[in-house]
Amino acid sequence: MDRDGLAEFLRVRREALQPSDVGLPAGLRRRTPGLRREEVASLATMSTDYYTRLEQGRGPRPSRPVLTGLARALRLSDDERGHLFRLAGEQPGPPPGPPREVRSGVLRMLARLDVPGLVLDAKDDVLAWNRLAAALITDFSALAPRDRNLLRLRFLTDSQAELFGADRTREFAREVAADLRAATSTYPDDPEITRLVRDLLDGSPEFAEIWARHEVGRQQSLCQTIFHPLVGRIDLICEVLVVPERDQRVVLYTAEPGSPSEEALRLLDVIGTQQLTS
């Protein structure tokens, strides 16, 4: 265990975080940069005294659960998490599960875009979306958190075939199943992934048949045609931006400038998620 190295790493990472990064109010009286020690301790589910001793190089060797809590509290990337474990004399092992926290800068970008955008994690949970994405695909805010998942939408509801067409929907089914297979090897101990696979196998014979093929891969091309019930056909160009330290993808849907599809997106921007009636 490198006590001094661990102490310095904890202090530097704590001071680099802003309260807004972890969902805390900034407050008016902060004499030191970054988070307070008691805030990190609370986020990591440990006593402030124990965390303080670790940061001062006086604490006992932290256990793996303690290190996992610290990595979560300090919003460490996979590389930083591995470094933390090695400083404490431990081998990091696989990450516990796909990170769910979306960087504040990504959220701000998503809100300001004039095109539909989503943020997906490794198991295709929809972590964030903008208003146009909700109007284009579905109102994610109306779904229970566990149902904000592309695989659940594809295999456990009938909305996908109506929206994307039968052929593209079958192709998409293979892509997201291969995505999930890759996630199971990256995060073998994540109970949410295990539960998702079980629910899909129990609820969809189609998924069970595709899953038995053992296809593995990460989605890179999501370009598709959408048959929207309010604005008609929209031909989309989909750009996938990778956020590697969070194992997340930002999916942006655009249309050819000056095309009928671009006009349809503009109309959808006006309509939003409301339902038009005659």
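Which residues does Thr 254 touch, not counting residues up to four places away in sequence? Thr 254 touches Val 115, Asp 235, Leu 236, Ile 237 and Leu 265. The structure is a predicted model. The points below start from the strand that holds Thr 254, then cover the sheet, the helices that pack on it, the nonpolar cores and one pair of helices.

**Strand β5 and two of its residues**

- Thr 254 belongs to strand β5, which covers residues 248-254.
- Thr 254 has a relative accessible area of 25%. Buried means under 20% and exposed means over 50%, so Thr 254 is classed as partly exposed.
- Asp 114 is 140 residues from Thr 254 along the chain, yet the C-alpha atoms of these two residues are 9.3 Å apart.
- Arg 249 is also a residue of β5. Its relative accessibility is 7%, so Arg 249 counts as buried.
- A polar atom of the Arg 249 side chain lies 3.4 Å from the backbone oxygen of Asp 121.
- Arg 249 has a partner on each of two other strands: Val 242 stands opposite Arg 249, and Leu 120 has Arg 249 as its bridge partner in β5.

**The sheet**

- Five strands form an open sheet in the order β2-β1-β5-β4-β3, and the pairing is antiparallel.
- The edges are taken by β2 (126-129) and β3 (224-228). Each has a single partner strand, so one side of each has no neighbour in the sheet.
- On average, neighbouring strands of this sheet are turned by 30° against each other, direction ignored.
- Strand β4 (residues 232-243) pairs with β5 over seven bridges, in the antiparallel sense.
- Strands β1 and β5 are joined by four bridges, again antiparallel.
- Three bridges link β1 and β2, also in the antiparallel sense. Within this pair, Ala 128 in β2 stands opposite Val 119.
- β1 and β2 form a hairpin with five residues between them. In the turn, Asp 124 has a positive phi of about 65°.

**The two faces of β1**

- In a regular strand the side chains alternate between the two faces of the sheet.
- In β1, Gly 117 and Val 119 point one way, while Leu 118 and Leu 120 point the other way.
- Are these four residues of β1 buried or exposed? Gly 117, Leu 118, Val 119 and Leu 120 are all buried.

**Helices against the sheet**

- Helix α6 (residues 104-112) lies across β1 (117-120), β2 and β5. The direction of α6 is at about 155° to β1.
- Helix α13 (residues 260-271) also packs on the sheet, where it touches β3, β4 and β5. The angle between α13 and β4 is about 80°.

**Nonpolar cores**

- In soluble globular proteins, nonpolar side chains tend to be buried together.
- The largest nonpolar core has 40 residues, and Leu 136 and Leu 180 touch the most other members.
- Helix α10 (residues 166-186) supplies the largest share of this core, with six residues.
- Leaving aside neighbours within four places in sequence, Leu 180 is in contact with Lys 123, Leu 151, Ile 193, Leu 196, Val 197, Leu 200, Phe 207 and Trp 211.
- Another core, of 24 residues, lies apart from this one. Among its members are Phe 9, Val 40, Val 66 and Leu 67.

**Helix α5 and its surroundings**

- Helix α5 spans residues 78-87, and its buried residues are Arg 81, Gly 82, Leu 84, Phe 85 and Leu 87.
- These buried residues pack against two helices, α1 (3-16) and α4 (64-73).
- The axes of α1 and α5 come within 9 Å and cross at roughly 150°. The crossing of α1 past α5 is left-handed.
- On the α1 side of this contact are Gly 5, Leu 6, Phe 9, Leu 10 and Arg 13. They meet Glu 80, His 83, Leu 84 and Leu 87 in α5.
- Gly 82 is found in α5, and its relative accessibility of 4% is why it counts as buried.
- The C-alpha atoms of Gly 82 and Pro 92 are 5.0 Å apart, with the two residues 10 residues apart along the chain.
- Gly 89 comes just after α5 and takes a positive phi of about 80°.

How values were computed
Residues numbered from 1 in each chain as written. Predicted model: local features only at pLDDT ≥ 70, side-chain atom pairs only at ≥ 80, totals over all residues. Heavy atoms only, no water. Buried < 20%, exposed > 50% of the residue type's maximum accessible area, 1.4 Å probe, protein only. Contact = heavy atoms within 4.5 Å. Polar contact = N/O pair within 3.5 Å; in protein donor to acceptor, adjacent residues only side chain to side chain. Core = buried A, V, L, I, M, F, W, Y, C linked by side-chain atoms within 4.5 Å. Pairing = 2+ DSSP bridges. Axes fitted to C-alpha atoms, helices over the stretch in contact; angles between N-to-C directions. Left-handed = near helix turned anticlockwise from the far one by under 90°.
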